[in-house]
Amino acid sequence: MSRTALRICPLCEATCGLTLTIEGTRVTHARGDRDDVFSRGFICPKGASFGAVDSDPDRLRTPLVRRDGELREATWEEAFDAVAAGVRPVVERHGPNSVGVVLGNPNVHTMAGALYPAVLLAGLGTRSVFTASTVDQMPKHVSSGLLFGDANAIPVPDLDRTDHLLLIGANPLESNGSLCTAPDFPGKLKALKARGGTLVVIDPRRTRTAKLADRHIAVRPGTDALLLAAMAWVLYDEGLVEPTPHVQGVEELAAELREFTPEAVAEACDVEAGVIRTLARELAAAPTAAVYGRIGSCTVPHGTLASWLVDVLNILTGNLDRPGGALFPQAATDKAPRPAGPGRGFDLGRWHSRVSRHPEAKGELPLSALAEEIDTATEEGEPVRALIAVAANPVLSAPDGDRLDKALDSLDFMVSVDPYLNETSRHADVVLPPPPPSQSPHHDFAFNTFAVRNQVRYTRPAIPLEPGRMAETEILARLTLAVTGMHGADPAAVDGMVIDQTLGKAVEEPHSPVHGGDPRELAGLLTGDTGPERRLDMMLRLGPYGDGFGTRPDGLSLEKLLAHPHGIDLGPLRPRLPQPLKTRSGQVELLPGPIADDLPRLRAALAERPEGLVLVGRRHLRSNNSWMHNVPALTGGSNRCTLHIHPEDAERLGVKSAEPVRVKGAGGEVTVEAEVTDTVRRGVVSLPHGWGHDRPGTRLSHASTDPGVNVNQLLDGRLLDPLSGNAVLNGVPVEVAPGTAPESPTVTEKLTALT
């Protein structure tokens, strides 16, 4: 007999509400939850395939421990014993920085990934921290930190009310949005046009989003910052600057931009000067407008400057922090708003990587530097000798996976928290598999801070945890205890410690709703069936909409949220400045020192002209990085690993559709099928990321049948945005030539790879 259950989809940043059909202990169908306060029934192919993702037979069911060189099934007790025995000696012998921690993108899609890594890192005390952020959005964090004093204060476009939306390096019809949580992003863009608004897309590819636009500008890859700087110059030159309040540095910025005229940048960007002027004038003339940039403008040589200039344009046109512009969301689990005023500010380079001396950003080192931090000896400090990878597959996501592949084999010890034996976890000495998403609770701690409408939702597990499984929250709690010298302690102690520390600080803060209270009494008021639920209850009650532990009876608590299974709508985004600012001045600092110091590098780019072809990435609606390629329902069709190349470039090089082509970059060479298409501009080729499932020792039976190639193998990891440490993945020079198809693996070789 079937039943239904609600679940928030964890498969991309849109966070849509789902209604699951369950037969026994298996999800047999998923549809959009029409009553969800945020997504209103919208669903994409990934959400519709929730059941197939959830029940993938290649998901690991029990821990694996390496014995005699082979990964074998083990009990949870044996697995955590092995973790403690493998990591603690490394810490005690070589210090905490000899243990590296890699956090992958899926962490922000789970409650466990939101609640426990910070505790793990604090307990270890390591500075060898690497995350997916430095192959994605770190430039936006850095620019926001420098502008607003808080690296997580990222304004989002007010999609439902804006009159003019300019997208640069973003393709939300394929990605469903990123750093902008918006269910049914396509519907919101169509609604913008239906109410008479304007959509402008700047992208070297004619993406599905670009096809919807009123104006598509096929900019030369990597020149985003030059184009945006010229638009800002036009605003000054034509007297169109009407800045947002609470901003300092407006006049100083004008002087810094004087060389970035439309005529000066036109050739480098391959965009006519008149077009650039029109873009700026239309932006300034719109009743309300928002500029939004994403991964295409982040993963370039001037990624931080481009991210900064996105907000500069919003600020100079007065569209930052106003309805219809770009506003700061207020998540229900945010800390209670503090009074406006000067803060601690944001600093870069508080420490550096050991080998190449890359500065930290937001407490992280570049993921591109992970291999050299393992395999290169220096006189300064210890190399990374042990690695903890949580929901991370850097062999595919970081540049030069071949080098990292070898480096991982040289580690003294490695533990991976992952549901699959993939290209990275196959190197681990211990693999700790979390349960499928249907057996886990869900609340979007991270993505609600980027939501285009304030709301709060929580779903408990749709299916009880099956025998032999361990909740992901307990896995990470036990892992934290095992690597910090407290192996064997009650995992509930981790949640208890966090609750005690949080409430202890809250009662001492004058602006807190529980100021002067007793932390123990407050802890006794928390509800929830588990430690993570009690922590969620605490955050809700202390947060901006919370009940303040009874001081605001109409406020939020876990109990109230559970009574609203489709969520609680908290209203549209509202102007919040200057309250979110944490700069030392208490103002938006429009021209921070590190930005000003990097502008000469952008001026030098005015004279740069790429020779030959350059590479850009590509996103598929049915993929999320390397996650989905083992699910048959989400592969095939347009979701394929092919090289897009313009017809004129293909004819010049002798490349034909459906035939193999060799692509060579600084980091290596791959052979892939060509797809001749005019959706890429001349001089540009495009490969999707997340592929390359052809390494032995994995258990990805479907993905290995059509593995594709690893686009990041074309990179050697030396190209970084210096301010953020973000890898340069777009606008990279490559050589392309007709190739010969690699020999197909034999049946024996395929079986060997699977085992």
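**Exercise 1. Decide whether Ala605 is buried or exposed in this predicted model, and find its surroundings.**

Step 1. Take the relative accessibility of Ala605, which is 6%. Buried means under 20%, so Ala605 counts as buried.

Step 2. Place the residue along the chain: Ala605 sits in the loop between H24 and strand E21 (613–616).

Step 3. Look for neighbours, leaving out residues up to four places away in sequence. Ala605 then touches Leu226, Ala268 and His302.

Step 4. Try a distance as well. Ala605 and Gly731 are 126 residues apart along the chain, and their C-alpha atoms are separated by 13 Å.

**Exercise 2. Work out which parts of the chain are linked by the salt bridge between Arg603 and Glu259.**

Step 1. Check the pair: the closest N and O atoms of Arg603 and Glu259 are 3.4 Å apart, and the cut-off for a salt bridge is within 4 Å.

Step 2. Locate both ends. Arg603 lies in helix H24 (residues 593–604), while Glu259 belongs to the loop between helix H11 (250–256) and helix H12 (262–269), so the salt bridge ties together parts 344 residues apart in sequence.

Step 3. Add the accessibility of Glu259: with a relative accessible area of 40%, Glu259 is partly exposed.

**Exercise 3. Compare the accessibility of the partners Glu263 and Arg277, and name the network they belong to.**

Step 1. Glu263 and Arg277 meet through their side chains in a salt bridge, at 3.1 Å from N to O.

Step 2. This pair links distant parts of the chain, with Glu263 in helix H12 and Arg277 in helix H13 (residues 273–285), 14 residues apart.

Step 3. Glu263 has 47% relative accessibility and counts as partly exposed, whereas Arg277, at 16%, counts as buried.

Step 4. Follow the shared partners: salt bridges join Glu238, Glu263, Arg277 and Arg281 into one network.

**Exercise 4. Find where Arg457 and Asp36 lie, and whether each is buried or exposed.**

Step 1. Arg457 and Asp36 form a salt bridge whose closest N and O atoms are 3.1 Å apart.

Step 2. The two residues are 421 residues apart: Arg457 is in the loop between strand E18 (453–456) and helix H19 (472–483), and Asp36 is in the loop between strand E3 (26–32) and helix H1 (45–48).

Step 3. Arg457 is at 3% relative accessibility and counts as buried. Asp36, also at 3%, counts as buried too.

Step 4. For the wider picture, the model has a count of 46 salt bridges.

**Exercise 5. Describe how helix H19 packs against helix H5 and against a sheet.**

Step 1. Start with the axes. Those of helix H5 (residues 117–124) and H19 come within 9 Å and cross at roughly 0°. Angles under 35 degrees count as roughly parallel, so H5 and H19 are roughly parallel to each other.

Step 2. List the contact: Pro117, Val119, Leu120 and Leu124 come from H5, and Leu476, Thr480 and Val483 from H19. By class, these are six nonpolar, one polar and no charged residues.

Step 3. Now the sheet. Its seven strands follow the order E5-E4-E17-E16-E15-E6-E7, with mixed pairing, and the sheet is open. At its edges are strand E5 (70–73) and strand E7 (129–131). From one strand to the next, the twist averages 20°.

Step 4. Finally, place H19 on the sheet: H19 touches strand E15 (386–390), strand E16 (413–417) and strand E17 (430–432), and its direction makes about 160° with that of E16.

Definitions and conventions. Residues numbered from 1 in each chain as written. Predicted model: local features only at pLDDT ≥ 70, side-chain atom pairs only at ≥ 80, totals over all residues. Heavy atoms only, no water. Helix = DSSP H or I, 4+ residues; strand = E, 2+ residues; numbered from the N terminus. Buried < 20%, exposed > 50% of the residue type's maximum accessible area, 1.4 Å probe, protein only. Axes fitted to C-alpha atoms, helices over the stretch in contact; angles between N-to-C directions. Parallel < 35°, antiparallel > 145°, perpendicular 65-115°, else oblique. Contact = heavy atoms within 4.5 Å. Nonpolar A, V, L, I, M, F, W, Y, C, P; charged D, E, K, R; others polar. Pairing = 2+ DSSP bridges.
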